[in-house]
Amino acid sequence: MTTGQSDCTLAERLAGAIAIGEARDDERVAYRAHLAGCPRCVHALGGEREIERIMSAVVRARDDERWEPERRARLATRRMRRNTWTLATALAAAVALAIGLPAEKPPLNAPPQRALSQHDAGAIAALNTQTVPRREGRAESLSVDAATTFSTAFDIAVDQRGTPRRCTITKSSGFRLVDRSVCRAAMHAHYSPPVQR
Amino acid sequence: MEACQGIDATAIAQARTEALVLEYRTKLARYVRRMVGDGEVALDLTQEVFLSAYRMLQADPARELNAGWLYRAATNAGISFLRRRKILRMLPLDREIDGSTWRVDERSAASVDLQAALARLAPEQSAALLLTSYAGYSSAEAAAILGTTSDAVRQRVCRAMRVLRTVMKEVTE
């Protein structure tokens, strides 16, 4: 029995249908018949059971999937809710970080030009921190426990898509480790893109 | 009057987008992540999809936006990302996109194989494979999303399977 190029193309479609799990009985029969006369396809595509085994590995990987888009997905909602008062300029958005401070209390007089709303900032989970924008401008504090408080000021450069590009410490806390963690956390956040004026 | 309509449209668009985000964000981000092989990129692309859904609903709050629309937008975003990166990789100036691009953080062996195999597929093949397996669409539904025929989807899935088969053999042997 000889098979042509078009038969093998057809066999590929049948194999695809079997993989997707939508092959009808007559299609399965046709596939088996083709394999019986085409060693090349047996080698290249494999039998029904093998196709199903590979596909089930894919489905198993999907079912085992534990990865969660939590952090940024939350930002997507927030950003949309607040996009009427996003960042005024592309540069210089200051964020405040505070560990151990209650984040539930929203700041009074939240300034509309801030790039990061309190909720957005709350998503800076990199440091497992609670974030409270304290004042408009640059001052913020990072308190590691009730007794120790650090203050670091920094600027974040944000590109057109809201991705932070550069973090500059403008006032050091005196501890390079703290400064670095603050910048790292700030660089992990996603910001509202600058509003074109 | 116009202002009132504007507020109304925005509120409806927000509510509808949030419902979409709640229902599909995980599925969609996981799908895109498998396609591009990078979680951060997947989050970016998924966010773009929801933003464009939002803009679309803002312009026309009554517009029908379903899972198929979201998957189509995400697939297109993923494919164009993969193509862009392929071009960038051919250029010598690719430092910025290297390194973090192919992180696989799962522990399960099946998952690692899968990502390694997906990395070798053409974007259209991995889209077809993921739409029919990961997202659970039939070949006809995937064809509508990809703008092709059901036969073409079946064939792409088969071609993708061939690559998967080779990779899995390499891993187990």
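**Exercise 1. Find the buried residues of helix α5(B).**

Let's start with the list: Q125(B), S126(B), A127(B), A128(B), L129(B), L130(B), L131(B) and T132(B) are the buried residues of α5(B). Keep in mind that you're looking at a predicted model. To check a residue yourself, count the other C-beta atoms within 10 Å of its own; 20 or more makes it buried. Next, put the list in context: α5 spans residues 123-132 of chain B, and with eight of its 10 residues buried, this helix is mostly covered.

**Exercise 2. Describe the overall build of chain B.**

Step one is to tally the elements: chain B has seven helices and zero strands. Walking along the sequence, you'd write that as α-α-α-α-α-α-α. Step two is burial, where 43% of the 173 residues count as buried. Step three looks at which parts of the sequence meet. Take the contacts in chain B between residues at least 6 apart in sequence: 66% of them join residues at least 24 apart.

**Exercise 3. Work out which parts of chain B touch chain A.**

First, get the head count: chain B puts 34 residues into the contact and chain A puts in 31. Now sort chain B's side by helix. At least two residues each come from α1 (2-36), α2 (39-59), α4 (109-118) and α7 (150-172) of chain B. Of these, α7(B) gives the largest share, with 10 residues. Finally, sort that side of chain B by residue type: you get 13 nonpolar, 13 polar and eight charged.

**Exercise 4. Explain the two faces of strand β3 in chain A.**

Begin with the general idea: side chains in a regular strand alternate between the two faces of the sheet. Now split up β3 (residues 153-158) of chain A. F154(A), I156(A) and V158(A) make the covered face, while A153(A), D155(A) and A157(A) make the uncovered one. Then look for the partner: β3(A) pairs with β4 (residues 164-171) of chain A, antiparallel, over six bridges. For one matched spot, find A153(A), which sits opposite K171(A) in β4(A).

**Exercise 5. Decide where to be careful when reading chain A.**

Start with the whole chain: its mean pLDDT is 61, and 46% of its residues reach 70 or more. Then go element by element. Helix α2 (residues 25-37) of chain A has the highest mean, 95, and helix α6 (residues 118-122) of chain A has the lowest, 38. Next, mark residues 72-149 of chain A, where pLDDT stays under 50. The model has 148 contacts beyond four places in sequence for that stretch. Here's the rule to apply: predicted coordinates shouldn't be read in detail where pLDDT is low.

Conventions. Residues are numbered from 1 along each chain as its sequence is written. Chains are lettered from A and ligands numbered from 1 in the order in which they are written. This is a predicted model: local features need pLDDT of at least 70, side-chain atom pairs count only at pLDDT 80 or more; totals for chains, interfaces and linings use all residues. Two residues are in contact if their C-beta atoms, placed from the backbone, lie within 7 Å. Helices (H or I, at least four residues) and strands (E, at least two) are DSSP runs, numbered from the N terminus. Ala, Val, Leu, Ile, Met, Phe, Trp, Tyr, Cys and Pro count as nonpolar, Asp, Glu, Lys and Arg as charged, and the others, Gly among them, as polar. A residue is buried if 20 or more other C-beta atoms lie within 10 Å of its own, exposed if 12 or fewer, and partly exposed in between; C-beta atoms are placed from the backbone. pLDDT is the predictor's confidence in each residue, from 0 to 100. Two strands pair if DSSP finds at least two bridges between them.
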